[in-house]
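Biologist: Please put the model up. I have some questions about one strand and one pocket.

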Amino acid sequence: MPEFRSIDAGAVTLRAAVEGSGPLVILVHGFPESWYSWRHQLGPIAAAGFTACAIDVRGYGGSDKPEAVSAYGLEQLAGDLVGVADALQPDAPAILIGHDWGAPIVWNSAFTRPDRFHAVAGLSVPFAGAPQRPFTEVFRELFTSKGAFFYQEYFQVEGVAEAELEADLRRFLRIFLHSISGEAPPNAWPLKPVDSLLLTGLPEPTGESAWLSEADLDYYVGEFTRSGLRGPLNRYRNHERDFAWLHPFAARKLEQPALFIGGSADPATTLFGQVSDPVAMMRHFAPNVEGTVLEGCGHWTQQERPEEVNRLLVDWLGRL
């Protein structure tokens, strides 16, 4: 079992589940998740000779939850990872592994601070370099301007998504986690009007999930009952700030050893259908990347396919 620690990361204090000893590997979850998303990885990474440290990202679980939207920019979250590395391994750079929002967090932490992070792996979301424009402009052009719903547009106005999703956290988590998993039917996310609610039209899961038990769901419900969803949703409200922060790095490449693991049934792996081969695309921005796409795997990569992901991660870590 991991040891839970409160880590002073500088601007905030973060809760972390820590197991093992050796070079530091920081594991960063996405939305709507927790350190618990890495429950299958902590032991194998520790057994391979590393200190495995799975954090609650700021705004989640046992970590600090600043109120301001601006507290959840990539610049601030990258600073948190530097703070964790400085606290746990001040004399050597650390290794980063992230999933979902955790992937952009770790990609850009390594991208902007190569002095503190000497290798990086991302699950589900590939790295495409410094953005050429804020992502809000992209999804408003593709969806909002055409009267179509896009979940990140829905998340923009403070309090709207919180009201819908916090009204029944268990229902939200059950439906949302299922809807982009490998167990969901094809095209589970319906086309719907821009003023729709998030859960409208999403399929209700039937039967027991092979990767998410009722006990797992209980844990997530308990975490979000305590923490709420404001902090997690604030991450989506920082695209313009993220663009402004990363724009000066536009000519830079991510030079460290990198690993990408995606799923063929995960819309994020192809950047919502914009790329056919995410690893080939990444090589333009991260020349030392290697990677694979797991056939039939949905969005929750390390939870849906823990044995395959562990094998890939431990093999990569062992070759660094």
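The questions below take the strand before the pocket.

Modeller: This is a predicted model, in which local features need pLDDT of at least 70, side-chain atom pairs count only at pLDDT 80 or more, and totals for chains, interfaces and linings use all residues. Residues are numbered from 1 along each chain as its sequence is written, and side-chain values use heavy atoms, with hydrogens and water left out.

Biologist: Why is strand E3 largely enclosed by the rest of the structure?

Modeller: Strands (E, at least two residues) and helices (H or I, at least four) are DSSP runs, numbered from the N terminus. Buried means under 20% relative accessible area, with a 1.4 Å probe and protein chains only. Leu 24, Ile 26 and Val 28 point one way from E3, Val 25 and Leu 27 the other way, and all are buried. E3 (residues 24-28) is therefore largely enclosed because five of its five residues are buried.

Biologist: Which residue of E4 stands opposite Val 28?

Modeller: Two strands pair if DSSP finds at least two bridges between them. E3 and E4 (residues 51-55) pair in the parallel sense over five bridges. Opposite Val 28 in E4 stands Ile 55.

Biologist: What is the bridge partner of Val 25 in E5?

Modeller: E3 also pairs with E5 (residues 94-99) in the parallel sense, over four bridges. In E5, the partner of Val 25 is Ile 95.

Biologist: Which helix gives the most to the lining of the second largest pocket?

Modeller: Helices H7 (169-179) and H8 (214-227) each supply at least two residues of that lining. The most, three residues, come from H7.

Definitions and conventions. Buried < 20%, exposed > 50% of the residue type's maximum accessible area, 1.4 Å probe, protein only.
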